[in-house]
Amino acid sequence: MKTLLATLNAKYIHTNLAIRHLKAYCENQFSVDLKEFTIKDPILSIVSEIYQQKPSILGFSCYIWNIEETLKVVAMYKTISPETVIVLGGPEVSYDTDYWLKNHREIDYIIIGEGEESFRQFLEFQSGSRDFKDVAGIAYLKEDSYKLHMLPAKLDLRQSPSPYRDPSDIPHLAKRVTYVETSRGCPFSCQFCLSSIEVGVRYFAREHVKEDIRYLMANGAKVIKFVDRTFNISRSYAMEMFEFLIQEHRPGVVFQFEITADIMRPEVIQYLNDNAPKGLFRFEIGVQSTNDHTNDLVKRRQNFEKLTRTVTMVRDGGKIDQHLDLIAGLPDEDYNSFRKTFNDVFALRPEELQLGFLKLLRGTGLRIDSAIYGYQYVDQAPYEIVGNNVLSFNEIIKIKQVEDILEKYWNSQKFQRTIEYLVTAVFDTPFDFFQQFGSYWESHNWSRIGHQFDDLFKRLNAFLLSVDKMDDHVLTNMKLDFLAHQKFIPRQVWWKETLSPESRSKILHAVIAQRESYNYLVEQQLHERELFKQAFVTELVVDGTLTPIVYFFGQNHHWFTLQPHEIN
């Protein structure tokens, strides 16, 4: 009996923790091989590679991002090898299992829920050591009749074997994201989220988790992402883990967490601000909406004032990058309300702000109650909405335009000066800037063509000119953002340069003549030859006046202004 567990990840850098848990749980009794692909891989290539393994049992881990491609692989493989037993598991097929079985007859069985115990019992059945009636948590068709066995008891996670010790993973740890699970379940009841379905939170053994993290770091893991739904639900546990990671981390390792910001105590944040090395931690915080009525409708408890305190305190500490999430399309949040939500959260200035759109996931309360709110959605993964009783499809398109520009210009972290100036001094609100620019972008069909870094500045410049918002102050910020992300003196620039080559040369010679007056030149030991190689001359608005500046592209970027008397 040869067993192969496979999955299709969204990207190569991702890894699948579920199939590793299944393998570890069963390996004392059964040999289980693992195979990972991506959703971009050709279906025939995936099928061919699996076929070389000749599995008698073939399992797939299924999610909203891979279910459509997985079903294509399953259908093709069953055609080629009808004798292979195909079993599916994962959150996407653990609900509406009768739908999957009846509409995709190539699926033989579906394992429901967390899976470890059910899958081991299933392998025992396949090997002849267990009666089929005693396999828990499995769904199937028998003579076109849907059958479902009772789920097994929840695992005691403290006794679970480690899924992180497979030697075949070691060569890839430095190149991929390693997902670590220290708990399962969520204490909250958000009706748009599958995690709300499982009641209670269970923890893995703390010391075992620490040993696993030591092992992963020792073998080269660089990005470790905790998949706990709320890492800080237990303050004592979170503090113990934070202290452990600060004390025992290795250089270059980054830890990512999903936290609930409004329950995080100030003393915990202060401890992190005082003790965590910069860049060691990254927080992902789901805000979703600042509309209290909307949050009540989806049974989401959130104190935005306390959330703001946490995000602000973390931001001001300067040690931890924050990624905040919003969801457009929640119940009774119309366009204007979402505009307010966006502006409320953007005001916190997170390093990244992800704007997502509601997906009515199978098994969630919001999908069950979708008719109450007039939801229209695509009934195919990822089940994204296209409208509801307060938000039209046209308004969703406008919000998607915001998302596009937000990703390109804010989340890229390459336009910070420019965006900050535009949303505080030029446009009424951040949302208005992103939406108007997004609409302009779409009207020029730029979404259909690629772009270079320079193009982003040219297109922003064109938009600002079209709405009569371009001036020397905006141009100054755009120039500084552009220059800050150049490694060398640019051969050409996207703006119309106001200084002639002769004027720029005159300025550089004036700087050389007064070299001792400029500390930077003395400290860097820059003389005439190095100066002409590393310095770029342009004009910026400084203290309200258009002033020549000299910008240096050395190991550290640096610039200074020149007054007219210094040039003449």
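Residues 24 or more positions apart account for 68% of the contacts in this protein that have a separation of 6 or more. Keep in mind as you look around that this is a predicted model. There are 568 residues, and 52% of them are buried. Taken along the principal axes, the C-alpha atoms fill a box of roughly 95 × 55 × 50 Å. DSSP runs give the protein 21 helices and 20 strands, and a handful of these will serve as our landmarks.

## The seven-stranded sheet

Let's begin with β1 to β7. These seven strands make an open sheet with mixed pairing, and the order across it is β2-β1-β3-β4-β5-β6-β7. At the edges stand β2 and β7 (145-148); each has a single partner strand, so one side of each is left without a neighbour in the sheet. Going from one strand to the next, the twist averages 25 degrees.

For a look at one pairing, take β5 (residues 109-111) and β6 (residues 138-142). They run antiparallel and are joined by two bridges. If you want a spot to zoom in on, try I111, whose bridge partner in β6 is I138.

Helices come up against this sheet too. α1 packs on it and touches β1 (3-9), β2 and β3 (57-61), with a direction at about 175 degrees to that of β2. Helix α3 (residues 67-80) lies across β1, β3 and β4 (85-89), and it runs at about 170 degrees to β4.

Between α1 and β2 there is a loop, and N28 is found in it. Is N28 buried or exposed? Its relative accessible area is 78%, and since anything over 50% counts as exposed, N28 is exposed. From N28 to V227 is 199 residues in sequence and 26 Å in space, C-alpha to C-alpha.

## The three-stranded sheet

Now jump along the chain to β18, β19 and β20. They form an open sheet in that order, β18-β19-β20, with antiparallel pairing. Its edge strands, β18 (535-542) and β20 (557-561), each pair on one side only. On average, neighbouring strands here are turned by 30 degrees against each other, direction ignored.

How many bridges join β18 to β19 (residues 545-553)? Eight, and the two strands run antiparallel. One place to spot the pairing is V541, which has L546 as its bridge partner in β19. Helix α17 (residues 472-484) packs on this sheet, touching β18, β19 and β20; its direction makes about 150 degrees with that of β18.

## Empty spaces

Rolling a probe the size of a water molecule over the atoms shows where empty space is left. The structure holds three cavities of 30 Å³ or more. Here are two of them, along with the second largest pocket.

| Space | Volume | Lining by class |
|---|---|---|
| Second largest pocket | about 280 Å³ | three nonpolar, four polar, eight charged residues |
| Largest cavity | about 150 Å³ | six nonpolar, four polar, three charged residues |
| Second largest cavity | about 50 Å³ | five nonpolar, one polar, two charged residues |

The pocket takes us back to α1 and β2. Its lining counts 15 residues, and those nearest its centre are R20, L34, K35, E36 and R176. Both α1 (17-26) and β2 (32-38) supply at least two residues of this lining. Which element gives the largest share? That is β2, with five residues.

The largest cavity has a lining of 13 residues, and T15, R20, D169, L173 and T178 are the closest to its centre. Here α1 turns up again: α1 and β8 (177-180) each supply at least two of the lining residues. R20 is worth finding in the viewer, as it is listed among the residues nearest the centre of the second largest pocket and among those closest to the centre of the largest cavity.

The second largest cavity belongs to another stretch of the chain. It is lined by N232, R235, A238, M239, I263, M264, R265 and V268. Helix α7 (residues 235-248) gives the most to this lining, with three residues.

Terms used. Residues are numbered from 1 along each chain as its sequence is written. This is a predicted model: local features need pLDDT of at least 70, side-chain atom pairs count only at pLDDT 80 or more; totals for chains, interfaces and linings use all residues. Side-chain values use heavy atoms; hydrogens and water are left out. On a 1 Å grid over the protein atoms alone, a cavity is a set of points where a 1.4 Å probe fits but cannot get out, and a pocket is an open set with protein on both sides within 12 Å along at least five of seven lines; lining residues have an atom within 4 Å of a point. Grid points are joined across faces, edges and corners, and a volume is the space filled by probe spheres set on the points. Helices (H or I, at least four residues) and strands (E, at least two) are DSSP runs, numbered from the N terminus. Ala, Val, Leu, Ile, Met, Phe, Trp, Tyr, Cys and Pro count as nonpolar, Asp, Glu, Lys and Arg as charged, and the others, Gly among them, as polar. Two strands pair if DSSP finds at least two bridges between them. Axes are lines fitted to C-alpha atoms, for helices over the stretch in contact, and angles run from 0 to 180 degrees between N-to-C directions. Contact means heavy atoms within 4.5 Å. Buried means under 20% relative accessible area, exposed over 50%, partly exposed in between (1.4 Å probe, protein chains only).
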